[in-house]
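Please work through the exercises below with the sequence and the model at hand. Each task is followed by a solution in steps.

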Amino acid sequence: MADMENEKPDGEMIAMRIIASAGDARSYAFGALEAAKEGNFEEADRMLAQAKEAGVGAHKAQTELLFAEANGNAPEMGVLQVHAQDHFMTAMLAEELIREIIELYRQLQDLREGEKRQ
């Protein structure tokens with residue numbers, strides 16, 4: 001992390017960290033969804049935890065930009081930074097929605113198991 005009070009951080013490197021971490025978060029979230037479709041909720045939960053951890057990495061990088069701007073040292077914004085923010089936001093939205101869908105899969109499985117017992 002650059003010394004935010006004295007120098008501008010490397011905006012391109014931060015953007016790439018956001019993109020990479022957000023991409024990992026999105027991939028883990030969709031992997032969790034696939035596991036849930038197969039009824040493997042333990043694997044889905046593990047992958048959701050990994051998605052959350054990867055999202056934290058993107059959030060930390062984003063926070064670095066926010067601190068730089070608050071200190072008057074924000075790097076110049078370009079298409080790469082906009083793309084990074086877009087990538088991060090869609091990954092966050094995907095994870096939130098996938099968590100809800102997985103909960104529906106859990107409820108569906110519970111209903112099916114209840115029907116089998118009757």
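The exercises concern a predicted model and treat helix packing, individual residues and the nonpolar cores.

**Exercise 1.** Determine how helix 1 and helix 2 are oriented relative to each other.

*Solution.*
- Step 1. The axes of helix 1 and helix 2 are 8 Å apart, and the packing angle is about 165°.
- Step 2. Angles over 145 degrees count as roughly antiparallel.
- Step 3. Helix 1 and helix 2 are therefore roughly antiparallel.
- Step 4. The crossing in which helix 1 passes helix 2 is left-handed. Sorted by class, their contact holds 18 nonpolar, six polar and four charged residues.

**Exercise 2.** Determine how helix 1 and helix 3 are oriented relative to each other.

*Solution.*
- Step 1. The two axes, of helix 1 and helix 3, come within 8 Å and cross at roughly 20°.
- Step 2. Angles under 35 degrees count as roughly parallel.
- Step 3. Helix 1 and helix 3 are therefore roughly parallel.
- Step 4. Helix 1 and helix 3 form a left-handed crossing. In their contact, 19 residues are nonpolar, six are polar and four are charged.

**Exercise 3.** Classify Ser 21 and Asp 24 as buried, partly exposed or exposed, and find what lies across from them in the model.

*Solution.*
- Step 1. Ser 21 belongs to helix 1, as does Asp 24.
- Step 2. The relative accessible area of Ser 21 is 18%. The limit for buried is under 20%, so Ser 21 is buried.
- Step 3. Asp 24 has a relative accessibility of 42%. Partly exposed covers the range between 20% and 50%, and Asp 24 therefore counts as partly exposed.
- Step 4. Leaving out residues up to four places away in sequence, Ser 21 touches Ala 54, Gly 57 and Ala 58.
- Step 5. Ala 54 also enters the description of Asp 24: the two are 30 residues apart in sequence, with a C-alpha to C-alpha distance of 6.0 Å.

**Exercise 4.** Which residues of the largest nonpolar core touch the most other members, and which helices supply the core?

*Solution.*
- Step 1. The largest nonpolar core has 13 residues, and those touching the most other members are Ala 32, Ala 36, Ala 44, Leu 48, Ile 98 and Ile 102.
- Step 2. At least two residues of this core come from each of helix 1 (11–37), helix 2 (41–70) and helix 3 (79–117).
- Step 3. A separate core has eleven residues, including Ala 15, Ile 18, Ala 22 and Ala 84.
- Step 4. Beyond its neighbours within four places in sequence, Ala 36 contacts Phe 41, Ala 44, Ile 102 and Tyr 105.

Note on methods
Residues are numbered from 1 along each chain as its sequence is written. This is a predicted model: local features need pLDDT of at least 70, side-chain atom pairs count only at pLDDT 80 or more; totals for chains, interfaces and linings use all residues. Side-chain values use heavy atoms; hydrogens and water are left out. A nonpolar core is a set of buried Ala, Val, Leu, Ile, Met, Phe, Trp, Tyr and Cys residues joined through side-chain atoms within 4.5 Å. Buried means under 20% relative accessible area, exposed over 50%, partly exposed in between (1.4 Å probe, protein chains only). Helices (H or I, at least four residues) and strands (E, at least two) are DSSP runs, numbered from the N terminus. Contact means heavy atoms within 4.5 Å. Axes are lines fitted to C-alpha atoms, for helices over the stretch in contact, and angles run from 0 to 180 degrees between N-to-C directions. Angles under 35 degrees count as roughly parallel, over 145 as roughly antiparallel, 65 to 115 as roughly perpendicular and the rest as oblique. A crossing is left-handed if the near helix is turned anticlockwise from the far one by less than a right angle, and right-handed if clockwise. Ala, Val, Leu, Ile, Met, Phe, Trp, Tyr, Cys and Pro count as nonpolar, Asp, Glu, Lys and Arg as charged, and the others, Gly among them, as polar.
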